[in-house]
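Colleague: I'm new to this one, so I'd like to go through the labels and ask where each comes from. Can you show me?

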Amino acid sequence: MERNTKFHKTADTITVKLKFLLFSAIIAFLFPVNASAYVVKYKEDYYKLYHVHYAQAPDDCIENIYWLEKAVSADFANPLYAMAKIETETQWEKYRFLFQMHLNLKLIEQHLRLGRIYDKKAAYFYDAPWKDEYLRNLEKAKSCYEAGYYYWKEAQLWAEKGSISQFNFLYITDLQNWEDERERIVTGELDYKKTLDRELTRLNKVIADLVAMESKTY
């Protein structure tokens, strides 16, 4: 019963968080703040709301995914307010490609973090009494991992755009970690598809083992 309660509380927390975010968006739309207040509008603004806790709960991951998704679809701020020093149109173009790539990589990371909260590394014989709860949570983990494939394709696309010959010997030095991410994707050193494939293969094995169990009480 204790494990049952824990699973249900976790699901309830996620539902409440999502409702809160939707409510906040509606309130912001219906009652816009005055001109002197800070307005979250541009890609850079939303990205600054993204944050990683030392130990992330499901609602922390969901909040980060929400802000990152908003950042992906938002417009860029004027180059004067970019997250790096921009002096030419070519720098501005590469900055935009790197930013989109980086956002999609962070979305993969957050989906992996969220998936691992619900994941179960292995199925043991004594898990039988709670196998239904485990299976429900494993399906949540599976959906998180599967979502990562979309973001990985997007990240690869923007990394390729940021690596065309036009940008040879042009580096956004203020964002060296983004440049490193781009280089690692292009060379194949960073490959989230392999990570997602590995996690899903293992997870599907755990699901199969649980399904095969008889519901016993130990």
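Colleague: Why is Glu199 called buried?

Modeller: Buried takes a relative accessible area under 20%, and Glu199 has 8%, so it gets the label. Keep in mind that this is a predicted model.

Colleague: And what makes Lys121 exposed?

Modeller: The exposed label needs over 50%. Lys121 has a relative accessible area of 54%, so exposed it is.

Colleague: What makes Lys121 and Glu199 a salt bridge?

Modeller: The rule asks for a side-chain nitrogen of Lys or Arg within 4 Å of a carboxyl oxygen of Asp or Glu. In this pair the closest N and O atoms are 4.0 Å apart, and the pair is listed as a salt bridge. It links distant parts of the chain: Lys121 is in the loop between helix H4 (89-118) and helix H5 (131-161), while Glu199 is in helix H7 (residues 192-212), 78 residues apart.

Colleague: Which other residue meets Glu199 in a salt bridge?

Modeller: Arg202 does, with 2.8 Å from N to O. Since the cut-off is 4 Å, that pair qualifies. Arg202 and Glu199 both lie in helix H7, 3 residues apart, about one turn of the helix. Salt bridges that share partners then join Asp119, Lys121, Arg198, Glu199 and Arg202 into one network.

Colleague: Why would residues three or four places apart point the same way?

Modeller: An α-helix has 3.6 residues a turn, so residues at that spacing come round to the same direction.

Colleague: How do you know that Glu189 and Arg184 form a salt bridge?

Modeller: Their side chains come to 3.8 Å, N to O, and the limit is 4 Å, so the pair counts. Glu189 is exposed at 60%, whereas Arg184 is partly exposed at 32%. By this rule the count comes to 14 salt bridges.

Colleague: On to the rings. Why are Tyr66 and Trp67 called edge-to-face?

Modeller: A search of the whole structure finds 18 aromatic pairs. In this one the ring centres are 4.9 Å apart, and pairing takes centres within 6.5 Å. The planes make 70°; over 60 counts as edge-to-face, so that is the name.

Colleague: Tyr66 and Trp67: buried or partly exposed?

Modeller: Trp67 has 17%, and buried means under 20%, so Trp67 is buried. Tyr66 has 23%, which falls between 20% and 50%, so Tyr66 is partly exposed.

Colleague: Which residues do ring pairs link into a cluster?

Modeller: Tyr47, Tyr50, Phe76, Trp92, Tyr95, Phe99 and Trp178.

Colleague: What makes you say the charged end of Lys120 sits over the ring of Tyr134?

Modeller: The distance part of the rule is within 6 Å of the ring centre, and there is an angle limit too. The charged end of Lys120 is 4.5 Å from the centre of the Tyr134 ring and is listed as sitting over it. Lys161 does likewise with the ring of Trp158, at 4.4 Å.

Colleague: How does the span of helix H3 compare with what is expected?

Modeller: Helix H3 (residues 58-73) has 16 residues and reaches 23 Å from its first C-alpha to its last, close to the 22 Å expected at 1.5 Å a residue. Its buried residues include Ile62, Ile65, Trp67 and Leu68.

Colleague: Why is Val72 called partly exposed?

Modeller: Val72 has 23% relative accessibility, and partly exposed runs between 20% and 50%, so the term fits. Val72 is found in helix H3, and leaving aside neighbours within four places in sequence, it is in contact with Lys43, Gln100, Leu103 and Leu107. Val72 and Leu103 are 31 residues apart in sequence, but 6.6 Å apart in space, C-alpha to C-alpha.

Colleague: And what makes Glu69 partly exposed?

Modeller: Glu69 has 32%, again between the two limits, so partly exposed is right. Its place is also in helix H3, and it touches Leu107 and Tyr151, not counting residues up to four places away in sequence.

Colleague: Stepping back, how many helices and strands are there in the protein?

Modeller: There are 7 helices and 0 strands. Buried residues make up 40% of the 218 residues.

Technical notes:
Residues are numbered from 1 along each chain as its sequence is written. This is a predicted model: local features need pLDDT of at least 70, side-chain atom pairs count only at pLDDT 80 or more; totals for chains, interfaces and linings use all residues. Side-chain values use heavy atoms; hydrogens and water are left out. Rings of Phe, Tyr and Trp (its six-membered ring) pair if their centres lie within 6.5 Å; planes under 30 degrees apart count as stacked, over 60 as edge-to-face and the rest as tilted. Buried means under 20% relative accessible area, exposed over 50%, partly exposed in between (1.4 Å probe, protein chains only). A charge sits over a ring if NZ of Lys or CZ of Arg is within 6 Å of the ring centre and within 35 degrees of the ring normal. Helices (H or I, at least four residues) and strands (E, at least two) are DSSP runs, numbered from the N terminus. The expected span of a helix is 1.5 Å times one less than its number of residues. Contact means heavy atoms within 4.5 Å.
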